[in-house]
Amino acid sequence: MPHGSGSAVGADDNHASNNMSSSNAEEYVLLIEFVHKHLDFHNAELLSTLELNGIIQGTDCHFRPLPNANPLSDSTRPFYILSLPWSSIGCKFSVSDEHDIDESKGNAKQINLVSALARCTLIRSVVELWGTGRTMDECVESIQNGNALRRHQEGKHLGSDAKVFKERSWKITVHTLGGTYTREEHSEMRSKFSFLELPGRVKMRDPDDEYLFVREVELDSQGGAVYPRHSGVNREIIPEHDARPSLACYFGRILGNSKLGRNWRGSNRLEQYSLKKRAYLGPTSMDSELSLIMTNLALIRKGSMVFDPFVGTASILLTAALRGAYVFGTDIDLRVLRGRSEDENIASNFKQYGLRPPELVRCDNAIYHRHFRDHLPMFDAIVTDPPYGIRAGAKKSGARKEGEVRPILDEHRYDHVAQTRPYAVSDVMADLLNVAAMTLKMGGRLVYVIPSMLDFDEEQDLPRHDCLRIVYVCFQPLGTELGRRTVTMEKIKEYDESKRSLYLKDVWLNGSESAEKVANIRDRLLEAAKKKPGYEEKAAIRKQKRRATKEAKKKAKRVAGAQSANSASQAGDE
């Protein structure tokens, strides 16, 4: 099963050496630092971003193992080392800050690596790696034995408009993971690199070159130090922890410094898309960060045709539109598609970001073939968050009881909301994969989210389709009992209409047993909660709070009604 975990990314690089100096003459090496969240997505999003920009792993680049590489612990390390041929810099690739970070405005003749990697949602920074080692002394030795400084002096890779080396202002930033150090200790670390003899003036704000020294230590899954330097209470140094050697040390020049700064995710680049800033939301709106990641996994680029068959409030389609895609969505709930008012609807959210509203159709995905021509593959990507009944139950067309369907009068058709009935999760997924197999172009991708509990087995329980292959499965824990997987599939075979019933039959490897593991999640979570000590007391407190809130709302409504009546009475007397 393909995973998003970091251990897979360097699988083809057993030949690579940790010694920077041995291959600096032939290679241009980058240190990629990720934010310490969505750990299982790092590898998948990075590889997808490279593919989006036409950067072929194994041909254009390869990954080096990290210092002190350990398959058992590397999944919590937020770093990757990417190596490219030095001869390609300035020819096929550019690393200058001259290009706009918008991937749609890049130089057609060259791939700007800053612009390309800046699209990766989870990347915090990218550093032109000058040296690395297990200790600071090894890192310094690596720089001295390499030729990164000479390259920078020559400036071939900086672009034609870059300042000459002697005129470039600079500063050195110290980044110590999982530990706090004093100013004096930072100064001592910086002094180790005085041998560089950088000629330009020191400039603490917006320098031409910001150099970064990183001291990496073991981190847990939450990003905290496994062996913290200070105690949690009085912040005293723990000697045995302080004496532990670093996991690795890195030094280099931050790329994109003039436009992106030290933190590529800063300057409101992601915060501006937060759900909190949108006028129209629903209980199932997908958070903006995961939506942006999903658009990368789906290889969505400018001009892509993107479809969401369970569109809801269109939070996923909005991020696809931000990538420059043409977006189309369907949903069975007409009220959600129309929104609450003229100022609170899907179109108002798109207008907020200067985007054209999406094409929306009230449609039942269970009978997609009745609504549309299903024999014409037209979508580059299908990205969706299907309903599983946790926050909103799945529905499909039809009456709950047989014989209840009645004809609708013509004068009622405009405002009529059709009857619906429950839509089994097993059928939701079978229909989704089948529609994707029918409507995706060859090589197009389906990206969807599926919730699961601890007993979920990816090898046995994920839905399958003969026309689709699984590319990535990225897991996001949501609690001790619950998590969700973001699954990426790619169309590899043309759809055969004569095999429709066989396709639907074979979606679940173990039949209903697999399907049930993603169904009734709410009930299963409740059952698990009931087994925990103190559940009854906590449930009683929550019930009391809900009752109090309900009474407060009723009282406020009565007061408002009385005030309205008094105002009307006074107006009548006048």
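Let me open with a question: is Arg124 buried, partly exposed or exposed? With a relative accessibility of 26%, Arg124 counts as partly exposed, because the buried class stops under 20% and the exposed class starts over 50%. Please keep in mind that this is a predicted model. I'll come back to Arg124 in a moment.

First, the overall picture. The protein has 17 helices and 18 strands. Of its 574 residues, 49% are buried. The area it exposes is about 29000 Å², and carbon and sulfur atoms supply 50% of that. If we take contacts between residues at least 6 apart in sequence, 75% of them join residues at least 24 apart.

Now, salt bridges. The count for this model comes to 26. One of them joins Arg64 and Glu27, with the closest N and O atoms 2.8 Å apart. Arg64 sits in strand β2, residues 62–64, and Glu27 in strand β1, so to speak two distant parts of the chain, 37 residues apart, linked by one pair. Both partners, Arg64 and Glu27, are buried.

Back to Arg124, as promised. Its side chain meets that of Glu33 in a salt bridge, at 3.4 Å from N to O. Arg124 belongs to strand β6, residues 123–133, and Glu33 to strand β1, so this pair ties together parts that lie 91 residues apart in sequence. The Glu33 end is buried, with a relative accessible area of 4%, while the Arg124 end is partly exposed.

A third pair is Arg77 with Asp74, again a side-chain salt bridge, at 3.4 Å from N to O. Arg77 counts as buried at 5% relative accessibility, and Asp74 is buried too, at 17%. There is also a network of salt bridges, which links Glu128, Arg168, Asp209 and Arg253.

Let's stay with the strands for a minute and look at Leu82, in strand β3. What does Leu82 touch, leaving out residues up to four places away in sequence? The list is Tyr28, Val29, Leu30, Ile32, Leu50, Cys61, His62 and Phe63. Leu82 is buried, with a relative accessible area of 2%. From C-alpha to C-alpha, Leu82 and Glu27 are 9.8 Å apart in space, and 55 residues apart in sequence. That is the Glu27 we met as the partner of Arg64.

After β3 comes a loop that leads to β4, and Lys92 has its place there. Lys92 counts as partly exposed, at 34% relative accessibility. Beyond four places in sequence, Lys92 touches Gly54, Asp60, Lys109, Gln110 and Ile111. For Lys92 and Lys109, the C-alpha atoms are 7.2 Å apart, with the two positions 17 residues apart in sequence numbering.

On to two covered helices. How many residues of helix α7, which runs over residues 288–297, are buried? The number is 10 of 10. Their cover includes α1, α8, β13, β16, β17 and β18. Helix α8 is mostly covered as well, with 7 of its 8 residues buried. Those buried residues are Ser315, Ile316, Leu317, Leu318, Thr319, Ala320 and Ala321, and they pack against α7, β10, β11, α10 and β13. Following α8 is Gly324, with a positive phi near 95°.

That brings me to backbone angles. Most residues other than glycine have a negative phi. Two residues here are worth a look in that light. His38 is not a glycine, yet its phi is positive, about 50°. His38 lies in the loop between β1 and α1, and is buried, with a relative accessible area of 14%. Asp206 also has a positive phi, near 55°. Asp206 lies in the loop between α5 and β8, and at 62% relative accessible area Asp206 is exposed.

Last stop, the surface. Which residues gather in a patch of positive charge there? They are Lys532, Lys538, Arg542, Lys543, Arg546 and Arg547. Lys543 is found in helix α17, residues 535–573, and counts as partly exposed at 48% relative accessibility.

Thanks, everyone, and I'm happy to go through any of these residues with you.

How values were computed:
Residues are numbered from 1 along each chain as its sequence is written. This is a predicted model: local features need pLDDT of at least 70, side-chain atom pairs count only at pLDDT 80 or more; totals for chains, interfaces and linings use all residues. Side-chain values use heavy atoms; hydrogens and water are left out. Patches are made of residues with over 30% relative accessible area and no salt bridge: like charges are joined within 9 Å, nonpolar side chains (Val, Leu, Ile, Met, Phe, Trp, Tyr) within 5 Å. Accessible areas come from the Shrake-Rupley method with a 1.4 Å probe; for residues, only the protein chains shown count as cover. A salt bridge is a side-chain nitrogen of Lys or Arg within 4 Å of a carboxyl oxygen of Asp or Glu. Lys and Arg count as positive and Asp and Glu as negative; His and the chain ends are not counted. The place of a charge is taken as NZ of Lys, CZ of Arg, CG of Asp or CD of Glu. Helices (H or I, at least four residues) and strands (E, at least two) are DSSP runs, numbered from the N terminus. Buried means under 20% relative accessible area, exposed over 50%, partly exposed in between (1.4 Å probe, protein chains only). Contact means heavy atoms within 4.5 Å.
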